[in-house]
Structure formats: C-alpha cells, structure tokens
Amino acid sequence: MSSPRTYSCALITGASSGLGEEYARQLAGRVDKLILVARRESHLTALAESIRNEFPRVAVATYPADLSQAIERQQLIEAVHRSGFVPDLLINNAGLGDYGEFSTSDWEKIEAILHVNIEALTHLTHAFVPEMIHRGGGAIMQVSSIASLVPIPDLAVYAASKAYVTSFSEALRIELLDYNIPVLAVCPGPVHTGFGKAAQRTSAASEMSAREFFYVPKEQVVAESISALDRQSARVYPGWKTAALAMVLAAMPIVLARLVMERRPRR
Ligand SMILES: NC(=O)c1ccc[n+]([C@@H]2O[C@H](COP(=O)([O-])OP(=O)(O)OC[C@H]3O[C@@H](n4cnc5c(N)ncnc54)[C@H](OP(=O)(O)O)[C@@H]3O)[C@@H](O)[C@H]2O)c1
C-alpha cells in the first residue's frame, strides 16, 4: 500500500475550471501552498477564496496567464521563482481540443492546441524539474488523454498532441527515477467539464454524445490520479470502463484501428 505523499507547493495549470479546479480542491488538504494558473482571473480568484475558507492554513496564489504565449509563460516562471515558493508538485493540466475535420479547422485554434497542450507543458516541466532535482524530490502529473493511444480523425491534432504528452511523460519518468520524482501520465476518457464546449465548433449538440457511456465524474478522475501518483504509477486511465477501453485500444493493431476509424459515424 502506498502512503499519501505530502507536498509543500503545488502548481496547477488550467485551474479555472474542470479537472484543474478539482485538483486544487482535492489537494488543498495536502499542501502548504497552491499556485493556480489559467487565463480567467475571476474564476481563479473565486476558487482561491473558496479554498482559503475551507483550508485557512493553505496559502493560495493565483497567476492569470495565457499559456499559449511564450512570454507569459516566462513571466509566470519568473514570478514563481521570485515568490520563493518552488513547486514540488507540478500538474500540467491546461489543455484544449477541436472537434472536426482538420481541413476546415481554424488555424488560431490549432496553434493554441499545439502551444498549450505541447509547448506550455514542456516549458513548465523544463522550468521546474531542475529545482526538484536540486531539492531531492518532487512529482509531476501530465494530464494527457485516452486519445493519446490512437490516431483519431475529427480530433486529429488533439489526439496527436496527447500522444506527445504520454510519450514525453513515459520517457521523463524513466529519466527521473533516480531523483525521487515520479511522473504520471493521466489518461482520462470523456469527462463533463468545459472541454466539450471549448472544443465544439458550433453551438450544435455534441456529435460525441454516443460516448456518454464512457463518461467518468471529474471527482473520480482526480481522486484516481492522485492515488496513482502516490503509487508512483506511470499511467492511469481513471474509471474501469476507460481502463478497459484503453486495454483494447493499446492491444489493437494499427491496421484494425484504421478500419474502425474509417467507419466512424460522420456528420
Ligand atoms: N474533459 C474531457 O473529456 C477530457 C478527457 C481527456 C483529457 N482531458 C484533458 O484534461 C485537461 C483539463 O481539461 P478539462 O476537461 O478540465 O477542460 P476545461 O474545463 O475546459 O479546462 C481547461 C483548462 O485549461 C485552461 N486553458 C485553456 N487554454 C489556456 C491557455 N491558453 N492558457 C492558460 N490556460 C488555458 C482553461 O483555463 P482558461 O480558459 O481560464 O484559460 C481551463 O482551466 C486538458 O488537458 C484536457 O485535454 C479532458
């Protein structure tokens, strides 16, 4: 049995809603300081206030930043270093997707997916890992997706970005084994958060509703991933249905995956 690790300072990106907000709430009792990052400052402020009320001994700092912008990431990193609180738990959770064919996608959204899902996650990891090594420990959670397991038409760039996240996490985990820094790739299936609306191109009902069977509550996704980090797992697929689907997808030969994807329902 793994015992819960304690952390001095957790930095959570994408804390203004969904899984990020839930990570902040569930970790508040286990840290001395929380650093909450996202663009929507009012959401971060409201969350910080609610956490301070429930856990008065926890210091909560909010950093509004657009992580798609390298300059804002650099300012965030410098502000955190100046604050004297170096994160020993980094949760790279901010992310977004785009439902629809690549040929008709909006370039600005595609660019934002690449900047946030890949660049920002890599940049923040690069900024904070050396200090963790220097201090003799820490932990990193990279929020990926079950979509990282197979190429997914109509979600092509998002799935490819998450394939990067899972691959990067697995390699980094091995590099950091000797430094007492577990790295976990969190690979959820569908979760009801702001993700679906942000990924949708029109206000029409989601064409993904057939996946309703696989939805897992965000509270469960977060609780299972925190437990997996305590166990120093390499990956977690929260929820038994997601875990079962992941086993099937991971075992599926690419020729079969292509046949399945070619027969997907089209609009
Ligand atoms: N929900 C799902 O079905 C699902 C499934 C698998 C994996 N995931 C992954 O889970 C993670 C969290 O997503 P979620 O489901 O909780 O969706 P969400 O509710 O839409 O949350 C996304 C978070 O990312 C932040 N974000 C987006 N763009 C940003 C930017 N340019 N700069 C800074 N922050 C930015 C958003 O904050 P602001 O808008 O305030 O900036 C928000 O806090 C993502 O990495 C997603 O890919 C989600």
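In the predicted model, the contact between helices H4 and H5 is made on the H4 side by Ile110, Ile113, Leu114, Asn117, Ile118, Leu121, Thr122 and Thr125, which meet Val157, Tyr158, Ser161, Lys162, Tyr164, Val165, Phe168 and Leu172 of H5. By class, the residues of this contact comprise eleven nonpolar, four polar and one charged. Helix H4 spans residues 107-135, and the axes of H4 and H5 come within 9 Å of each other and cross at roughly 10°. Because angles under 35 degrees count as roughly parallel, H4 and H5 are described as roughly parallel to each other.

Helix H5, which covers residues 156-175, also gives two or more residues to the shell around the ligand, as does helix H1, which covers residues 18-27. This shell holds 29 residues, and the closest to the ligand are Ser16, Ser17, Arg39, Tyr158 and Thr193; Tyr158 is thus named here as well as among the H5 residues that meet H4. When the surrounding residues are sorted by class, 13 are nonpolar, twelve are polar and four are charged.

Polar contacts to the ligand involve both side-chain and backbone atoms of the protein. A polar side-chain atom of Ser17 is placed 2.7 Å from an oxygen atom of the ligand, while a polar side-chain atom of Asp66 lies 2.8 Å from a ligand nitrogen atom. In the case of Phe195, a backbone N or O atom is found 3.2 Å from an oxygen atom of the ligand. Taken alone, the ligand exposes 890 Å², of which 95% is buried by the protein.

Terms used:
Residues are numbered from 1 along each chain as its sequence is written. This is a predicted model: local features need pLDDT of at least 70, side-chain atom pairs count only at pLDDT 80 or more; totals for chains, interfaces and linings use all residues. Side-chain values use heavy atoms; hydrogens and water are left out. A residue is near a molecule or strand if one of its heavy atoms lies within 4 Å of it. A polar contact is a pair of N or O atoms within 3.5 Å; within protein, one must be able to donate a hydrogen and the other to accept it, and residues adjacent in sequence count only if both atoms are side-chain atoms. Accessible areas come from the Shrake-Rupley method with a 1.4 Å probe; for residues, only the protein chains shown count as cover. Helices (H or I, at least four residues) and strands (E, at least two) are DSSP runs, numbered from the N terminus. Ala, Val, Leu, Ile, Met, Phe, Trp, Tyr, Cys and Pro count as nonpolar, Asp, Glu, Lys and Arg as charged, and the others, Gly among them, as polar. Axes are lines fitted to C-alpha atoms, for helices over the stretch in contact, and angles run from 0 to 180 degrees between N-to-C directions. Angles under 35 degrees count as roughly parallel, over 145 as roughly antiparallel, 65 to 115 as roughly perpendicular and the rest as oblique. Contact means heavy atoms within 4.5 Å.
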